[in-house]
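Work through the exercises below with the coordinates open, and try each task before reading its solution.

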Amino acid sequence: MPTGSVRTDGKRPKVLIVGAGPTGLAAALCLARWRLPFRLIDKSIEPVKGSRAIGLQARTLELFEQHRIVDALLAAGHRGHAGNVMAGTRRIIRLDFDPLDSRYPFLLFAEQSVTERVLTEALAAFGHTPERGVELVDFDTHGETVTANLRHLDGRGERLEVAWIIGTDGAHSTVRHRLGIAFEGETLEQSFVLADLHVEWDLPEDEFHIFLSPEGLSAIFPLGGGRYRLIADAPDGAASGGEPPTLDECQAIMAARVRHPAKLSSLGWSSRFRINSRMVSALRSGRVLLAGDAAHVHSPAGAQGMNTGIQEAMNLAWKLALVQRGAPGKLLDSYHAERHPIERDVLRQTAFVTHMGTVDRGWLLTLRDRLVPLLTALGPMRNAARRGISELSVHYRRGPLCFERLLDGGAQAGDRAPDAYVEVLDGPLGKVPSHARLFDLHDPGSFSLFVLLEPGTYSMEGKALLPFLDSFRSLSEKMGGAIRIWLVADALRPIGGPQLSDGYGQTRPVFFLWRPDGYIAARGRPAADGAECLVFCTKWFSPGYVAGLVRA
């Protein structure tokens, strides 16, 4: 079987990505947009089969939209608009996603194989293909290069020199083992069963359901067309490993725990597993970086794992590309500074939810069944929960890459950049006024500098903005054209949907600098804050910067 090919435009690969799952594919797609030569290898001969990770959160879908691949996933996936937690016959929690401030107010259920296929096809459009049947054996670092020893399917060995290695090779990561980084955490003693099957009942198919009972926990997630995923803690005495659960075993679990008639059939993929809750202490060791399951594993509660890995890849790739172009090396240190706290929070939250779901006695049971429903009935708590699960609340405000100035409302530096309908006054395509959405204007292969003006003031304020705009155009040239500049205003005739002032406040004129991964790096007033912001951007993103001196 051919192992695949990679186009490097005559250049040697600078990056080796080990592991062609969703995280590795996302990293490769981002590097392709930045035109940084790489190779993507995976020791498996075939892509993943079956469902495995099934949940795509709203924030991941927003990022996929900016990469122009979301439509294929929406067409293949199934939308879950709400979730319910039942204690016996009583519903103690209902969480609906419709109020989310996103174009994707739902949890999209799609088999992992579908997500990988869509990412692989997007990668192919850039001329890249994962190399399968190629295994990383070991590697050594020498100064500014890493020498990787590879083994091909036919037994042939290969030595490859690259500048960087990204380990996205799963929970049993060879990259992590070779680095000697501990995978700290615990393995839950309780074992679980997982099964994809057909369920006949009269509950809504666009909602997922978690059933809590003295007999144990059962969670049902809709995959569309009457198919569901069942996850349940195994009955006493049923160990992990060994033979996968049978249809009769799944039916018995449902009959004992779900107080609602349900008939199961057409068992597909099924397995037994134990939950690991582990993470690394460092995401970077010199020229080797970790992401996805190679860096953290945890309970499937909340469908956070794959989404966290994909977002890590998108955080890392543009920083790696800029550093390879000559940006300060400390930019790459921000990867750990930004993402490691998020990983730690995900582990804590998923472990807590899993523990609360399986508790069967004592004060914690009372807390779960009596107090939690009261808290989640409160609007602020419910909104925080839905934003947390959808990952729209992920931010980097405490990270190093924030230039923040006090404005009249709006998203802050480090926040997810909200979408909005705008009137385009000027941009990379010229002065052609038109209506657009910010997500359509943003290119994840660059930064986007949005300058917000009052409608009808462009001719008056244009000259005053010239020094500010020219300074950022000059910086963009030093960065290889990495900043696209747009002048926009509130849409006078909004088509519907989010308005500019909703997400960006009332201050005008004002600028917002979007990072390639869709988060805000800087905001301020052009006249008062532009010069200082330019210094900030040069310090972090421009080639040739050294402390106290900016080289020409």
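The exercises that follow concern a predicted model, and they treat one helix, one sheet and the chain as a whole.

**Exercise 1.** Determine whether the end-to-end distance of helix α1 agrees with its number of residues.

*Solution.* Begin with the extent of the helix, which covers residues 22-33 and so has 12 residues. The expected span is 1.5 Å times one less than the number of residues, which gives 16 Å for α1. The end C-alpha atoms of α1 are 17 Å apart, and this agrees with the expected span. Just after the helix comes R35, whose phi is positive, near 60°.

**Exercise 2.** Decide whether α1 is largely enclosed or not, and name the elements against which its buried residues pack.

*Solution.* A residue counts as buried when its relative accessible area is under 20%. By this criterion 12 of the 12 residues of α1 are buried, so the helix is largely enclosed by the rest of the structure; among them are P22, L25, C30 and R33. These buried residues pack against the strands β1 (15-18) and β2 (38-42), and also against the helices α4 (112-124) and α7 (305-324).

**Exercise 3.** Establish the strand order of the open sheet of three strands, and identify its edge strands.

*Solution.* The order is β3-β7-β4, with antiparallel pairing. The edge strands, each pairing on one side only, are β3 (55-56) and β4 (78-80). Two bridges join β3 to β7 (residues 107-109), and the bridge partner of G55 in β7 is F109.

**Exercise 4.** State what percentage of the protein chain counts as buried.

*Solution.* Of its 552 residues, 55% count as buried, while the chain has 14 helices and 29 strands.

Conventions. Residues numbered from 1 in each chain as written. Predicted model: local features only at pLDDT ≥ 70, side-chain atom pairs only at ≥ 80, totals over all residues. Heavy atoms only, no water. Pairing = 2+ DSSP bridges. Helix = DSSP H or I, 4+ residues; strand = E, 2+ residues; numbered from the N terminus. Buried < 20%, exposed > 50% of the residue type's maximum accessible area, 1.4 Å probe, protein only. Contact = heavy atoms within 4.5 Å.
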